[in-house]
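Here is a relaxed walk through a structure you may not have met before. Take a look at it first, and then we'll go through some of its details together.

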Amino acid sequence: MPLELQEFNLSEERLEFRDTLRRFFEESSPITEVRRVMEGDATGFAPNLWKVASEELGLAGIAISEDFGGQGFGLKELSIALGEVGRSLAPIPLFASAALAGRVVAAVGGDDAGAFLQSIAEGEAATLAWVEAHGDWDPAAVRMEIAEQGDEIRLTGEKQFVVGAHAARRFFVIAREPGSHCDEGMGLFAVEANAEGVAIDAKESFDLTQPLATLRLGGALAKRIGRQGEAAPGIRVGLDEATALLTAEMVGGMQKVLETAVDYAAERHQFSRPIGSFQAIKHKCADLLIDFEGSRTAADAAVMASEEGDPERSLLASVAKSHVGPAGLRMATESGQIQGGVGYTWEYDAHLYYRRAMASAAMLGDETMHQERLARLVASRRFEGAAQS
Amino acid sequence: MRREDTSEEAVFRQEVRSWLEANAELRSEQLEAPLDHSPEAEARAWEAMKVWQRTKYEGGWAAITWPEAYGGRGGTPIQQVIFNEEQSNFDVPIGFIAASLGMIGPALMRYGSEDQKKYLPAMLRGDEVWCQLFSEPEAGSDLAAVRTRGHVEGDELVINGQKVWTTSANFADKGFIVLRTNPDVPKHDGISFALIDMNQPGVEVRPLVTMRGDRHFNEVFLTDVRTPLDHVVNGIDRGWPVTTFTLMNEGAFIGMTVNSRTTATAMIDSARETGRLEEGVVRQRLGEAYARERVLKQLQDRIKASLLDGRAPDVDGSVLKILTSEWGHERAVTATWLQGAAGMLTGADAPGMGVWQDQVLARGSMAVGGGTLEVHRNGLGERALRLPKEPRFDRDKPFKDLKTSG
């Protein structure tokens with residue numbers, strides 16, 4: 001009997017929603033289909049699956065307000081959907097479009113944000129492009145400057161490590177006012193994917209089921225979102241939310257990794273007994289569970305803090321990302337080890353999750369970046385507390 | 001998963017806080033003197049613990065979830081959680097009595113006769129403290145291998161054998177003991193669980209000093225020790241279910257302990273004071289310690305949330321036990337590492353009066369006491385993940401025919 005883990009913090013409605021999505025991805029995006037896309041072109045994108053997921057299930061706009069054509073649910077529902085994408089490795093840009101682009105645009109706001117969110121909700125995929133060749137995830141490290149002439153803003157340069165680039169109809173690019181530094185002068189700009197001067201350069205990616213690309217901009221026309229020079233706080237909120245949501249997607253994959261390992265250990269016999277009866281394997285399985293429980297609890301706390309606008313939102317996003325990244329990698333590594341030869345054979349799936357775990361651990365900042373951020377946040381909070389008292 | 005108190009709970013919390021403020025001192029952030037593990041200090045601590053238990057009893061807080069008939073408050077698990085949370089801010093001597101109550105109390109309520117349950121109020125008042133006489137030289141993780149013998153003489157059980165790692169046996173008034181009453185049947189079928197008086201001839205207690213320097217546990221030699229037959233819980237040869245029930249309670253308790261002086265926040269504070277927060281590797285290790293502390297708290301909050309909803313906890317207690325032990329130890333090692341060369345000192349000569357060094361040395365009581373981490377990992381594999389058990393050779397043979405190491 002396959003392992004079934006008890007859920008937590010899921011109402012009956014949400015559990016039903018999760019079950020519907022799980023069935024949907026099992027039927028519409030089985031691993032054979034994921035591999036077909038993976039071995040096809042370099043886009044890492046299944047347009048028909050995305051069309052059904054957006055138009056029939058409403059996933060693209062699940063956390064977008066009904067005013068803008070979305071479903072009007074919260075980040076918790078989006079996190080459930082992302083968890084199922086992480087579990088199935090479905091080649092759709094839900095994280096890029098709904099979590100990264102969607103949350104940053106919503107948090108920056110401004111007159112045009114509604115129209116952009118509407119388009120995301122309708123399934124016109126978007127993504128966020130901000131990291132540059134230095135590889136620093138902090139938006140304050142962005143160097144790309146805008147060129148503004150009259151009413152026109154143009155962007156030139158490269159953005160690296162863009163996720164969901166091939167599916168995107170629109171890029172939201174973080175760039176800055178000329179001569180500005182850090183958060184001051186940081187801005188969010190919309191660039192149409194089919195505009196002149198926009199090129200996408202697919203990269204050979206370690207994670208085969210979610211390839212990355214470089215966005216090349218050569219004087220591409222861009223539109224400013226929000227007020228000039230005031231985008232930084234919204235960008236930071238949006239990135240914190242996306243970080244929390246990413247951990248939820250990672251946890252979805254980790255649950256699959258745990259189930260696969262435990263089911264294998266229960267079924268695979270050597271020396272006339274299930275290998276899961278040997279303590280060497282049983283303890284590995286116990287460690288998978290320990291990593292999983294800590295991770296899903298941390299991811300849920302981060303998502304709920306974002307959803308509720310908790311002042312500890314940033315802190316809890318970093319708690320989750322710094323914890324879930326290494327835990328996910330340990331789990332994928334040990335799950336592969338438990339599966340022996342199967343664990344590193346191309347035609348079996350363990351390596352697909354291993355690759356995703358490696359890439360997701362780096363995405364939006366690895367554990368050291370978030371640990372440093374935590375130490376600084378806690379120290380400054382203590383310092384402020386001491387100054388006040 | 002956070003949750004605000006309901007208005008009812010907030011009222012309860014305020015009531016708890018007011019009572020604690022009136023009866024105890026807030027815990028200082030720093031130790032004022034090194035922890036004193038001398039026998040005299042331990043005897044004083046024992047008395048202080050009994051006094052605090054008595055104070056709680058008189059305030060009606062000694063056992064919030066126990067029925068009123070047994071001296072409890074008849075309250076809910078969440079009220080107990082609230083009380084524990086508030087109590088953790090105060091400098092009060094808890095520890096052993098709470099652990100002991102949490103183990104034997106529920107076992108007597110579930111398996112005890114009406115006469116046996118009469119021990120409960122004195123236990124709650126702190127008048128009689130109970131120790132757990134379980135482990136033996138040849139029975140540790142394999143507790144069902146106990147050899148301490150009990151044979152019936154008239155209406156008494158006569159006990160001979162040796163126990164070891166018995167926490168606080170040097171102070172305890174009473175004990176609950178696991179012993180073998182029938183060696184001719186398979187091991188689990190010949191075990192009894194009895195209540196004994198520790199203050200009687202034939203009970204010889206020899207304190208063992210831990211690596212931390214405290215007299216945490218003892219060897220106990222039992223020679224013709226007697227207890228009435230009606231002090232056998234659940235009947236002769238039917239002690240194993242009582243024993244496993246008691247151990248489950250012990251695990252749940254140990255997983256929940258915290259010490260507010262040894263937090264990651266305290267580590268970050270001291271790194272800022274010494275300027276070491278400027279170092280990237282220091283920030284990373286402190287950030288990791290902080291994240292783990294929060295994740296552990298979040299896991300505890302999950303248990304709390306299930307108690308609130310009246311459900312069984314949806315995260316296995318062994319997950320908490322293992323993480324509390326392993327991360328607690330790593331945190332103490334990191335904090336001592338952060339002291340650099342001064343980490344080689346201890347006590348009054350070390351930063352913070354050596355509180356972290358003491359924590360490094362306290363590792364064993366978490367990692368071995370209450371079941372080794374390995375036994376808990378077996379439990380997770382078999383209970384939570386339903387993996388098959390190891391083949392066993394000791395289930396069906398009579399106990400006397402089993403192989404042993406000594």
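A salt bridge, as the word is used here, is a side-chain nitrogen of Lys or Arg within 4 Å of a carboxyl oxygen of Asp or Glu. Glu114(B) and Lys117(B) make one of these, with their closest N and O atoms 3.3 Å apart. Keep in mind that what you're looking at is a predicted model.

**Salt bridges**

Side chains of opposite charge can pair when their charged atoms come close. Searching the whole structure over all chains turns up 67 salt bridges. Here are three of them, along with one that goes from chain A to chain B.

| Pair | Closest N to O distance |
|---|---|
| Glu114(B) and Lys117(B) | 3.3 Å |
| Arg296(A) and Glu293(A) | 3.0 Å |
| Lys400(B) and Asp184(B) | 3.1 Å |
| Glu293(A) and Arg302(B) | 2.7 Å |

Let's go back to Glu114(B) and Lys117(B). They are separated by about one helical turn, because they sit 3 residues apart in helix α5 of chain B, which covers residues 114–117. Their surroundings aren't alike: Glu114(B) counts as exposed, with 54% relative accessibility, while Lys117(B) counts as buried at 12%.

Arg296(A) and Glu293(A) are also 3 residues apart, this time in helix α8 of chain A (residues 279–307), so about one helical turn lies between them. Is each partner buried or exposed? Arg296(A) is buried, with 7% relative accessibility, and Glu293(A) is buried too, at 5%. The cut-off for buried is under 20%.

Then there's Lys400(B) with Asp184(B), whose closest N and O atoms are 3.1 Å apart. This pair links distant parts of the chain, 216 residues apart: Lys400(B) is in the segment after α13 of chain B, and Asp184(B) is in the loop between β4 (174–180) and β5 (191–197) of chain B. Lys400(B) counts as exposed at 52% relative accessibility, and Asp184(B) is partly exposed, with a relative accessible area of 44%.

Some salt bridges share partners, and one network formed that way joins Glu7(A), Arg18(A), Asp19(A), Glu293(A), Arg296(A), Arg302(B) and Asp314(B).

**Where the two chains meet**

The size of an interface is often given as the accessible area lost when the parts come together. For chain B and chain A, that buried area is about 4,000 Å², and 62% of it is on carbon and sulfur atoms. Chain B puts 40 residues into the contact and chain A puts in 51.

How many salt bridges are there between chain B and chain A? The count is 6, and Glu293(A) with Arg302(B) is one such pair across the two chains. There are also 14 residue pairs in polar contact across this interface, with both residues at pLDDT 80 or more. On the side of chain B that touches chain A, at least two residues each come from α8 (264–274), α9 (280–308), α10 (317–338) and α13 (373–384) of chain B. Of the elements there, α9(B) gives the most, with 12 residues.

**Nonpolar cores**

The largest nonpolar core has 155 residues, and the members that touch the most others are Leu94(A), Trp130(A), Leu155(A), Phe172(A), Leu188(A) and Leu258(A). Helix α7 of chain A (residues 232–267) gives the most to this core: 16 residues. A second core, separate from that one, has 53 residues, including Leu133(B), Ala169(B), Phe193(B) and Leu402(B).

What is Leu94(A) in contact with, leaving aside its neighbours within four places in sequence? Its contacts include Trp50(A), Leu59(A), Leu78(A) and Val85(A).

**A strand with several partners**

Look for strand β7 of chain A (residues 212–225). Strand β3 (residues 152–163) of chain A runs antiparallel to β7(A), and 9 bridges join the two; in this pairing, Ile153(A) has Ala222(A) as its bridge partner. Strand β5 (residues 186–192) of chain A is also antiparallel to β7(A), through 3 bridges, and Ala190(A) is partnered by Lys223(A). Strand β6 (residues 198–202) of chain A, antiparallel as well, is joined to β7(A) by 5 bridges, with Asp201(A) partnered by Thr214(A).

**One serine to finish**

Ser88(A) belongs to helix α4 of chain A, residues 75–88. Its relative accessibility is 13%, so Ser88(A) counts as buried. The side chain of Ser88(A) reaches the backbone oxygen of Glu84(A) at 2.8 Å. Beyond its neighbours within four places in sequence, Ser88(A) is in contact with Phe25(A), Ser29(A), Ile31(A), Val34(A) and Tyr353(A).

Note on methods. Residues numbered from 1 in each chain as written. Chains lettered and ligands numbered in written order. Predicted model: local features only at pLDDT ≥ 70, side-chain atom pairs only at ≥ 80, totals over all residues. Heavy atoms only, no water. Core = buried A, V, L, I, M, F, W, Y, C linked by side-chain atoms within 4.5 Å. Buried < 20%, exposed > 50% of the residue type's maximum accessible area, 1.4 Å probe, protein only. Helix = DSSP H or I, 4+ residues; strand = E, 2+ residues; numbered from the N terminus. Contact = heavy atoms within 4.5 Å. Pairing = 2+ DSSP bridges. Buried area = accessible area lost by both parts, 1.4 Å probe. Polar contact = N/O pair within 3.5 Å; in protein donor to acceptor, adjacent residues only side chain to side chain.
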